Structure formats: structure tokens, C-alpha cells
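Reader: I've got the model open and would like to talk through a few of its contacts. Can you take me through them?

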Amino acid sequence: MRMIGVISDTHGLLREEALDALRGSDLILHAGDVGDLSIIRRLSEIAPVRAVCGNTDGGKTAAALPETDVVDLTSPTGGPSTEGRGPLAYVMHGHKELDLDPVASGFRVVVQGHSHEPAIDERAGVLYFNPGSAGPRRFDLPVTVGRLTVNGMEVLPEIVDLLPD
């Protein structure tokens, strides 16, 4: 069993509560609007990180990150696994339309951020997962991260509220 930490929309702010919630992760996915590459460096002190560029990322951050990523959730680094393929996640920020059919492409999970609203939805066997925003609070939306527990091909999602009322 593996735990995948999922974070998005940090916008340059990495809260201690987010770090605490992600400790114990085997891999961390950042779904964009990172804000600064120092965020990725700090997350990588916990676990390997796979991150994509968001619509507010610019300069060095935008140059260093892809727009989308394909992640094997059973691989130690998220890259191709030497032990066979586990469930695949398609990671994107979400400010652009999904550019593929996740079912036909063999994805079990689509991870995206952008809206700042945490969401869990399953359609046609694909889990659509938005961890919400872990950065500056926006409107009345919660400050959250996510976790994906991977057991074989099964993926169980969880939203973690960082600042409960």
C-alpha cells in the first residue's frame, strides 16, 4: 500500500499544516500554481515530487515544469515502474480543457487543481480528484490537501482540511 500526497495552488505559500499532512507520503503530486520552485524543493524533503505548471506560474517555475504529467502511482518516483504498471494518473492544472479521453488512454485518476475547490468524482471508472488549494485562502473556500491511498489497482481518495473551524 502506498500513500500519495496531492497538493495544488500553493501560490508561493507552503503552510506547516500542509507539510504535516503530507508527511509519510511515498510520492507527492503538485497540480500547479506552485508560485516558486522552493515549494518543490521543500516538498521533496518529504518524498519525490511530480509537479505541473499552473496558469499563474511564470519565469523559472514555468520553464521547469511541464503542463501535464503521466504518473505511475505504484512507482517510487512516479515514472515508469520496473515491476509492471500500476494505476496511472494524469496530472494537469485544470485551467485548460482535458486534452484526452482518460478511459481510452488507460488512466485511473485525473488530478487537477485551479478551481481551489476540493472535489472527488468518479465517472466511467476514472477518479477525478482536486485537492483544493493549500495556499492563500480564497473567498470562503477551505484550505486543503489530498491523499490517494493506492492498494494494487485500487485508489482511495481523501481530502484533508488544513484549517478546520
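Author: Let's start with Asp 20, which has a relative accessible area of 49% and is therefore partly exposed. Buried means under 20% relative accessible area, exposed over 50%, and partly exposed in between, with a 1.4 Å probe and protein chains only. Keep in mind that this is a predicted model: local features need pLDDT of at least 70, side-chain atom pairs count only at pLDDT 80 or more, and totals for chains, interfaces and linings use all residues. Residues are numbered from 1 along each chain as its sequence is written, and side-chain values use heavy atoms, with hydrogens and water left out.

Reader: How far apart are the closest N and O atoms of Arg 23 and Asp 20?

Author: These two form a salt bridge, meaning a side-chain nitrogen of Lys or Arg within 4 Å of a carboxyl oxygen of Asp or Glu. Arg 23 is partly exposed too, at 46% relative accessible area. Their closest N and O atoms are apart by 2.6 Å.

Reader: How many salt bridges does a search of the whole structure find?

Author: Arg 23 with Asp 20 is one pair, and Arg 123 with Asp 121 is another, with closest N and O atoms 2.4 Å apart. In that second pair, Arg 123 is partly exposed at 43%, and Asp 121 is partly exposed at 34%. Searching the whole structure gives a count of seven.

Reader: Which residue in β8 stands opposite Asp 121?

Author: Strands here are DSSP runs of E, at least two residues long, numbered from the N terminus. β7 and β8 (residues 126–130) run antiparallel and are joined by five bridges; for two strands to pair, DSSP has to find at least two bridges between them. The β8 residue opposite Asp 121 is Tyr 128.

Reader: Which strands stand at the edges of that sheet, and why is one side of each left without a neighbour?

Author: The sheet is open, with five strands in the order β4-β5-β6-β8-β7 and mixed pairing. Each edge strand has a single partner strand, so one side lacks a neighbour in the sheet. The edge strands are β4 (68–72) and β7 (119–123).

Reader: Which residue forms a salt bridge with Glu 158?

Author: Glu 158 sits in strand β10 (residues 154–161), and its partner is in strand β9 (residues 144–151), 11 residues apart, so the pair links distant parts of the chain. Glu 158 is partly exposed at 35%, and the partner is partly exposed at 22%. With closest N and O atoms 3.4 Å apart, that partner is Arg 147.

Conventions
Helix = DSSP H or I, 4+ residues; strand = E, 2+ residues; numbered from the N terminus.
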